[in-house]
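Thank you all for coming, and please have the sequence and the model open in front of you while I talk. I will go through a few parts of the fold one after another, slowly enough that you can find each of them on your screen.

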Amino acid sequence: MSRSTTLRLLTVSATLMLTCSLTLRAVPVDSLPQPDDPRPEYIADEVAAIVGYSHILLSDIEQTTEEVLRLRRQQGILSGRPARDEAFETLLLQKVLAEQARADSLNKDLGGGLDTQIEHQIQQMITEAGSVKALEKKYRKEVYAIKDDLKKQAEDMQLANIMQSNVMQKVNITYPEVAAFFDKLPTDSLEMVPEQYVYAQIVRFPPETEERKFEVRQQLLEFRERILNGENLGALARLYSMDPGTARNGGEWGPGDINQLVYPIVEALETLKPGKVSEIIETEYGYHIVELLSLKGNMVHFRQILLKPTFTVEETEKEMALLDSLAKAIGSDKKAFDEAVATYSMDKETNKNGGTVFNSRAAKQYFDTKYASSKFMLDNLDPQDYIPLSKLEVGELSEPYEAIDMNTGSTVYKIVRLNEVIPSHHASLSEDYEIIADFALQDKQNRELEKWMKETISKMYIWIAPEYRDYGFEYNWLKK
């Protein structure tokens, strides 16, 4: 598979990205041409390919082709490759990843939340069809069979994601490799790095009184008792959890690497059996109860309810007034700002380094602090920080404002100082190492994934029906 050598096009393979992004589908039989269809050609649904113990149907190819075309329109992608060819190969790649995941027993990492997901989708489909009977008539099969189809598709997508992550997470990159990668880039292909901001902050948290903590703990104890008496934690999470990342999904997290979680959550999960609910857990994010769905090695899948203390207008105004007085006293004095950070800022990540903010998302993604950078491009700045920063000259302080801490999801109050603006410039290894290292890592991951895919295809049982063998494949599916 071809790979661009420019920074612009060095992204994860579009085909493999589709593996992760396709939506669950249940294809109605009557969406295929029928015997009395006025169209001249008629082909009933049939098996187009077999990969391991899984098969790909004509209807799968038709549906995925529509999805490929939709994504191309949505993303403005121009491709000389027929959408049908890309769709068929995407399905083949997904099946290889999923089948190998099953062979490696990674399917044990799938939690019980899948059934809830499928049930929710089935209920939506019934609502759209009008009734269970109408749905069964549309798909020409009983509702339990539709559920089975959807579950298999969902499992395949989740397993493909897990298998792909397992392959790519093993890939690391060194400074010499990044330098070699950069040296091979044609000079005229180097992108202009957009304008970047370096800034610092003083952060205040609302006071958590013992009374507020007690109120939150009592509410969680009530929820835990209701769950032990038969209520569903997922339903309660949707209604009450204050974690925006999981509440919509019934509090579900994962399957994912347990090392991404804070220690108190890890400690609780490691002592639970699947289906059991923890005692109350206190973390920097607030107060939690968790229900373990599955845990195998480092891969964990669980549900949670997160609650945080709420605060009065008076308490908020007190913190804002403190920050306002600090801003006026500091002015443009950098030394005074650094001293105020050390004395007043409550943010552990920045109050020991003069308040300088680092883009820690990449560091957390790759579990390596070398990817953290104090330079923020505009699209990496959170809007709540960009708006006050955009009004400042270098050395100036903002007015106090309320924000959401991106690490904890909690309400905080802050002032920010614009330390530096780095003008737009051509990428260089000395100034833009983190950006280039990210592209170099993606390139190496893609090459390793491609190598793994070729080796796995050569060993796995794959059969493609004769009438489907003239597709424009990029991999050697026919093993010539």
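**Strands, helices and a loop**

Let me begin with strand β10, residues 401–404, which is joined to β11 by four bridges, the two strands running antiparallel. Within that pairing, Glu-402 stands opposite Tyr-413 of β11. I should say at once that what we are looking at is a predicted model, so please keep that in mind through everything that follows.

Strand β11 has a second partner to look at, namely strand β4, residues 196–204, and here nine bridges hold an antiparallel pair together. Tyr-413 in β11 turns up again in this pairing, as the bridge partner of Arg-204. Is strand β11 enclosed or open to the outside? Of the 12 residues that make up β11, residues 411–422, nine are buried, and therefore the strand is largely enclosed by the rest of the structure.

For the wider setting, the protein chain has 15 helices and 13 strands, and 49% of its 480 residues count as buried. If we take the contacts between residues at least 6 apart in sequence, 69% of them join residues at least 24 apart.

Next, please find the open sheet of four strands, whose order is β5-β8-β7-β6 and whose pairing is antiparallel. Its edge strands are β5, residues 252–257, and β6, residues 281–283, each of which pairs on one side only. On average, and ignoring direction, neighbouring strands of this sheet are turned by 40° against each other. Inside the sheet, β7 (residues 286–296) and β8 (residues 299–307) form an antiparallel pair with nine bridges, and there you can find Tyr-287 opposite Leu-307 in β8.

Which helix lies across β7 and β8? That is α9, which runs at about 50° to β8. Helix α9, residues 233–240, also packs with helix α8, residues 210–228, at an angle of about 150°, and their axes are 10 Å apart. An angle over 145 degrees counts as roughly antiparallel, which is why α8 is described as roughly antiparallel to α9. The residues that meet are Phe-223, Arg-226 and Ile-227 from α8, and Leu-233, Leu-236 and Tyr-240 from α9. Sorted by class, this contact has five nonpolar residues, one charged residue and no polar ones.

Another helix pair is α2, residues 58–75, with α3, residues 83–103, where the packing angle is about 115° and the axes are 8 Å apart. The crossing of α2 and α3 is right-handed. Among the residues in this contact are Leu-58, Ile-61, Val-68 and Leu-69 on the α2 side, and Ala-87, Phe-88 and Leu-91 on the α3 side. How do the residues of the contact of α2 with α3 divide by class? There are eight nonpolar, two polar and five charged residues.

I will finish with one residue in a loop, Thr-174, which you will find between α6, residues 143–169, and α7, residues 175–183. Thr-174 has a relative accessibility of 40%, and so it counts as partly exposed, since that class covers the values between under 20% for buried and over 50% for exposed. Now look for Ala-437: Thr-174 and Ala-437 are 263 residues apart in sequence, while their C-alpha atoms are 8.7 Å apart in space.

Technical notes:
Residues numbered from 1 in each chain as written. Predicted model: local features only at pLDDT ≥ 70, side-chain atom pairs only at ≥ 80, totals over all residues. Heavy atoms only, no water. Axes fitted to C-alpha atoms, helices over the stretch in contact; angles between N-to-C directions. Left-handed = near helix turned anticlockwise from the far one by under 90°. Contact = heavy atoms within 4.5 Å. Nonpolar A, V, L, I, M, F, W, Y, C, P; charged D, E, K, R; others polar. Parallel < 35°, antiparallel > 145°, perpendicular 65-115°, else oblique. Pairing = 2+ DSSP bridges. Buried < 20%, exposed > 50% of the residue type's maximum accessible area, 1.4 Å probe, protein only.
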